[in-house]
Amino acid sequence: MSKERIVGTAGGWMMLPVLILVGIACGYTIFASFEVGPHLRSPWQLLLGILATCIWGALCFGFFTLQPNVSAVLLLFGAYRGTTKDRGFRWVNPLVSVKKVSLRAHNLNGQKLKVNDKRGNPIEFAAVVVWKVVDTAEAVFMVDDFKHYVHVQSEA
């Protein structure tokens with residue numbers, strides 16, 4: 001049984017200038033590998049610059065945003081790493097997949113059901129179910145689709 005584990009994530013506004021500086025350094029490394037003209041000064045420096053630029057480009061995919069009352073379940077290669085509830089502009093390792101789960105209250109309007117009482121008189125009734133996710137790990141991993149699960153359970 002999965003239990004929610006709260007983890008922290010880096011602030012996106014803190015990582016943005018760092019990645020901008022790294023991108024500038026990658027560009028300078030590539031630019032500095034050329035002499036004046038089309039000749040290479042150092043092919044290894046050019047290769048290092050291109051490799052660093054590729055890694056920098058991959059790191060830029062780690063940004064995401066969270067609205068209030070929304071959490072993110074973090075998975076690294078399919079393994080649960082934790083849940084973050086830090087709202088705003090965030091950054092995680094780009095190899096981590098982020099699945100957002102709403103923590104807001106939801107309403108489910110049930111259909112009218114018609115039953116007969118002991119005397120055979122018809123009775124119609126309906127239910128309104130108010131629900132919200134409390135444990136994101138259980139909501140994501142214990143059922144296929146937790147919204148459909150709530151719908152089926154309310155009708156049962």
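# A tour of the predicted chain

Read from the N terminus, the chain runs β-α-α-β-β-β-β-β-β-β-β-β-α-α. Its radius of gyration is 26 Å, well over the 15 Å that the globule rule gives for 156 residues, so the chain is more spread out than a compact globule. The count of elements is four helices and ten strands. Keep in mind throughout that this is a predicted model.

**Start with the whole chain**

Show the full trace and align the view to the principal axes. Along these, the C-alpha atoms fill a box of roughly 100 × 30 × 25 Å. Next, colour by pLDDT: the chain has a mean of 87, and 96% of its residues reach 70 or more. Select residues 146-155, which form helix 4; confidence is lowest there, at a mean of 81. Then select residues 63-66, which form strand 2, where confidence is highest, at 93. As a caution for reading such colours, predicted coordinates should not be read in detail where pLDDT is low.

Switch on the surface. The accessible area of the chain comes to about 10900 Å², and carbon and sulfur atoms hold 62% of it. Of the 156 residues, 26% count as buried. If you draw contacts with a separation of 6 or more, 60% of them join residues 24 or more positions apart. For the charges, mark the 16 positive and 10 negative ones; their mean positions are 4 Å apart.

**Helix 1 and helix 2**

Select residues 12-32 for helix 1, and pick out A25 within it. A25 has a relative accessible area of 40%, so this residue is partly exposed. Now add A52 to the selection: A25 and A52 are 27 residues apart in sequence, and their C-alpha atoms are 9.1 Å apart.

Residues 43-59 make up helix 2, and W56 is found in this helix. Which residues does W56 touch beyond four places away in sequence? They are L19, V22, G23 and C26. Put a distance label between the C-alpha atoms of W56 and G23; it should read 6.5 Å, for two residues that are 33 apart along the chain. W56 is not covered completely: its relative accessible area is 27%, so W56 counts as partly exposed.

Go back to helix 1 and select P17. This proline has 42% relative accessibility and therefore counts as partly exposed. For a longer span, label P17 against T65: the C-alpha to C-alpha distance is 17 Å, with the two positions 48 residues apart in sequence.

**Two loops with positive phi**

Move on to the loop between strand 2 and strand 3 (70-76), and select N69 there. Check the backbone torsions: phi of N69 is near 60 degrees, a positive value in a residue other than glycine.

The loop between strand 3 and strand 4 (79-84) holds F77. F77 is not a glycine, yet its phi is positive, at about 55 degrees. Is the side of the chain at F77 buried or exposed? At 69% relative accessibility F77 is over the 50% cut-off, so F77 counts as exposed.

**Helix 3 and the loop after it**

Select residues 136-141 for helix 3, and within this helix T136. The relative accessibility of T136 is 0%, so T136 counts as buried. To see its surroundings, show the residues it touches, leaving out those up to four places away in sequence: E4, S71, V73, T83, V101 and L103.

The last stop is M142, in the loop between helix 3 and helix 4. M142 is partly exposed, with a relative accessible area of 44%. Select S2 as well: M142 and S2 are 140 residues apart in sequence, while their C-alpha atoms are 7.5 Å apart in space.

**Views to save**

Two selections are worth keeping as saved scenes. One is W56 with L19, V22, G23 and C26, the residues W56 touches beyond four places in sequence. Another is T136 with E4, S71, V73, T83, V101 and L103, shown with the surface on, as T136 is buried at 0% relative accessibility.

Terms used. Residues numbered from 1 in each chain as written. Predicted model: local features only at pLDDT ≥ 70, side-chain atom pairs only at ≥ 80, totals over all residues. Heavy atoms only, no water. pLDDT = per-residue confidence, 0-100. Buried < 20%, exposed > 50% of the residue type's maximum accessible area, 1.4 Å probe, protein only. Contact = heavy atoms within 4.5 Å. Rg over C-alpha atoms; globule rule 2.2 N^0.38 Å. Areas by Shrake-Rupley, 256 points an atom, 1.4 Å probe, with all protein chains shown as cover. Lys, Arg positive; Asp, Glu negative; His and termini not counted. Charge placed at Lys NZ, Arg CZ, Asp CG, Glu CD.
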